[in-house]
Amino acid sequence: MRLKKYLLTIFAVALALLYLVPLIWMSLAYFQTEKDILAGKWIPSQWFVENYKIVLQRAKMRAWFTNSLISSVGATVGILVICIPAAYAVSRMEFPGRRILYLLSLTGFMIPTPAIVIPLYLVVRKFGLVNNLLGIIIPALPSSMAVFILSQFMKAIPLDYEEAARLDGASELDIMLKVILPMSLPAVVTVAVLHFTWIWNDFFWPLIVMTSDKMYTLPVGLVALAGSDVNIRYGPIMAANVIASLPVIVVYVFMQRYLTRGVVLSLR
Amino acid sequence: MAVYRKRRHALLAYLLFAPFCVLLFVFRLIPFVNSIRMIFYKWDILGTPKYIGLGNFTRMMSDKVFWSSLWHTVYFVILTVPPIVVLSFLIALLINSRISFKGFLRSAFYLPYTLTISVVCLTWQMLYNPYFGLIGRMMKAVGLQPINWLADPVWAMPAIVITTVWWTIGFCIVLYLAGLQQIPASYYEAAELDGANGFQRMFYITIPLLKRVHVLVLVTQIIASLQIFGQVYIMTGGGPAGRTRTLMQYVYEQGFRYFRMGYAQAMAFVLFLVMLVFAYLQLRLMMTSAKEELI
């Protein structure tokens, strides 16, 4: 039994390491000169940190990083501000048409962005938001996924809490902000992490909305960089890759516990 | 409760829902209605739209590139979805078995999913490079002729598939792990007492009880794969010779390179119709779970 456990563990760890080879290779290439990479080396002959500098100097990495950060954080905060009240209304309040509004809030699942890409682009253009970070942020706000996860979680909170608060004279808004919202924290974190990563990593929509290279987000900028400047291809691109990946990995490491819970939640 | 069912209460509920509702209409529902209107027009974004009836569809019927793009999309789904479902299930079983380092394993397999598509594709582009890429060198080491993956008409699509499977599998593993943890251990104990072997436990307990997860993974992956765009745009640009051009890639080319807005939207609409079936399944799946929650 013990032996079987050890063998299985060795097999699983070996498999995981093999699976991670592309990432390990990418992180090592970050420290390599072009010559090392072209020679197919794994371990750099000298630890070369210039790639990082080259990428920061030559490319508009700083602007792209800022754009990515503003649009991801802005959209995530906006989604919470818009979707928490909506989810609260459909999950914890009784009013005529509640069920219809709940169904309405889920229609976004049926309409993925690629299916409406051209009219969506035209709306954004009409509001003058092309080549503007708001052109990424505002269309992301009405998230059906956010309302779904939040309302699922809020529904499960027992009524006793809000009745006790009512007896103490709390208003409906007090109950939403001071009773239900703090108790829904795991769902709020799940929604925030999911949307932050989705928007940080999105490629399709920023590619369409952003027209000048100064306004690119990191994913679009990286591809433009790799395609445009043949002189800085390998090492610096890998350096840029590492820079672009870090924020999401950091968010994931800190929020992992919540994220798993959120996934379990959406499975129930 | 009756005390709170007052008009003011309802008004507040509508107010809380209103911002979301307005944004949903402006950025989802109205564009959706417009998308249906647009497919009957010819428009180069500058002039005035011209009504051409079903012109876009007759054009589509005779457009060889449209048909090949549609086929490449279906081909991509066929090649991608089964390995994702099978591999993520098997890896989840492995992580869920009696082994150590579960936390490390879970993170290791999830890590690629957190990367942006650009990082994934640029890294794999280098791995596939026939001159210094890791894969080519490994093939050479075992005496094989390295393939120029992304420039080869036959191998370009499988190369994109391998990259996609590697990238997305982590998310499905997490779904399966969540499902596996919800199966009560007593089921297995009872089966063991009855003398069921590992094979029987797998086919009579694990697989049937995970039905919901199987369907969820299958449906979400089909929806995601039908929309494939980034991997193709970044790794091959639809080449070589259009052999990896998928429907969204073609929509993008027609809409944002040649500004044939009506034609591009008509093709996006075809994709929408194909996706509708699966999106409906997904929604129903989520709604049934929501209903159970309400009781």
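## A ring pair along helix H9 of chain B

In this predicted model, helix H9 of chain B spans residues 198–209 and holds both Phe199(B) and Phe203(B), which stand four residues apart, or about one turn of the helix. The two side chains differ in their class of exposure: Phe199(B), with a relative accessibility of 60%, counts as exposed because the cut-off for that class is over 50%, whereas Phe203(B), at 44%, counts as partly exposed.

## Aromatic pairs and a cluster

Over all chains, a search of the whole structure finds 30 aromatic pairs. One of them joins Trp149(B) and Trp155(B) in an edge-to-face arrangement, with 5.4 Å from centre to centre and 70 degrees between the planes. Of these two residues, Trp149(B) is buried, having a relative accessible area of 10%, while Trp155(B) is partly exposed, with a value of 36%. The pair on helix H9 has another geometry: the ring centres of Phe199(B) and Phe203(B) are 4.8 Å apart and their planes meet at 45 degrees, so this pair is classed as tilted.

Which residues are linked into a cluster by ring pairs? The cluster takes in Tyr19(A) from chain A, together with Phe109(B), Trp124(B), Tyr128(B), Trp149(B), Trp155(B) and Trp166(B) from chain B.

## Charges over rings

Rings in this model also have charged groups placed over them, and one example can be given from each chain. In chain A, Lys155(A) lies over the face of Tyr102(A), at a distance of 4.4 Å from the ring centre. In chain B, the charged end of Arg59(B) sits over the ring of Tyr263(B), 4.3 Å from the centre of that ring.

## A nonpolar patch with residues of both chains

On the surface, Leu17(A) and Ile24(A) form a nonpolar patch with Phe101(B) and Phe104(B), and together these residues have about 370 Å² of accessible area. Leu17(A) belongs to helix H1 of chain A, which covers residues 2–29. With a relative accessibility of 41%, Leu17(A) counts as partly exposed, because its value falls between the limits of 20% and 50%.

## The make-up of chain A

How many helices and strands does chain A have? Its secondary structure comes to 14 helices and zero strands. Chain A has 268 residues, of which 58% count as buried, and its accessible surface comes to about 11500 Å², with 67% of that surface belonging to carbon and sulfur atoms. When contacts in chain A between residues at least 6 apart in sequence are considered, 74% of them join residues at least 24 apart.

## Backbone features in two loops

The loop of chain B between helix H11 (230–235) and helix H12 (247–256) contains Pro240(B), which is joined to Gly239(B) by a cis peptide bond with omega at about -5 degrees. Ala241(B) is found in the loop between H11 and H12 as well, and although Ala241(B) is not a glycine, its phi is positive, at about 55 degrees. With a relative accessible area of 82%, Ala241(B) is exposed.

Chain A offers another case of positive phi, in the loop between helix H6 (117–126) and helix H7 (134–140), where Asn131(A) lies. Asn131(A) is a residue other than glycine, and its phi is near 60 degrees. Is Asn131(A) buried or partly exposed? At 24% relative accessibility, Asn131(A) counts as partly exposed, because the buried class requires a value under 20%.

Conventions
Residues numbered from 1 in each chain as written. Chains lettered and ligands numbered in written order. Predicted model: local features only at pLDDT ≥ 70, side-chain atom pairs only at ≥ 80, totals over all residues. Heavy atoms only, no water. Patch = residues over 30% accessible without salt bridge, like charges linked within 9 Å, V, L, I, M, F, W, Y side chains within 5 Å. Areas by Shrake-Rupley, 256 points an atom, 1.4 Å probe, with all protein chains shown as cover. Salt bridge = Lys/Arg side-chain N within 4 Å of Asp/Glu carboxyl O. Buried < 20%, exposed > 50% of the residue type's maximum accessible area, 1.4 Å probe, protein only. Phe/Tyr/Trp six-rings, centres within 6.5 Å; stacked < 30°, edge-to-face > 60°. Lys NZ or Arg CZ within 6 Å of the ring centre and 35° of its normal. Contact = heavy atoms within 4.5 Å.
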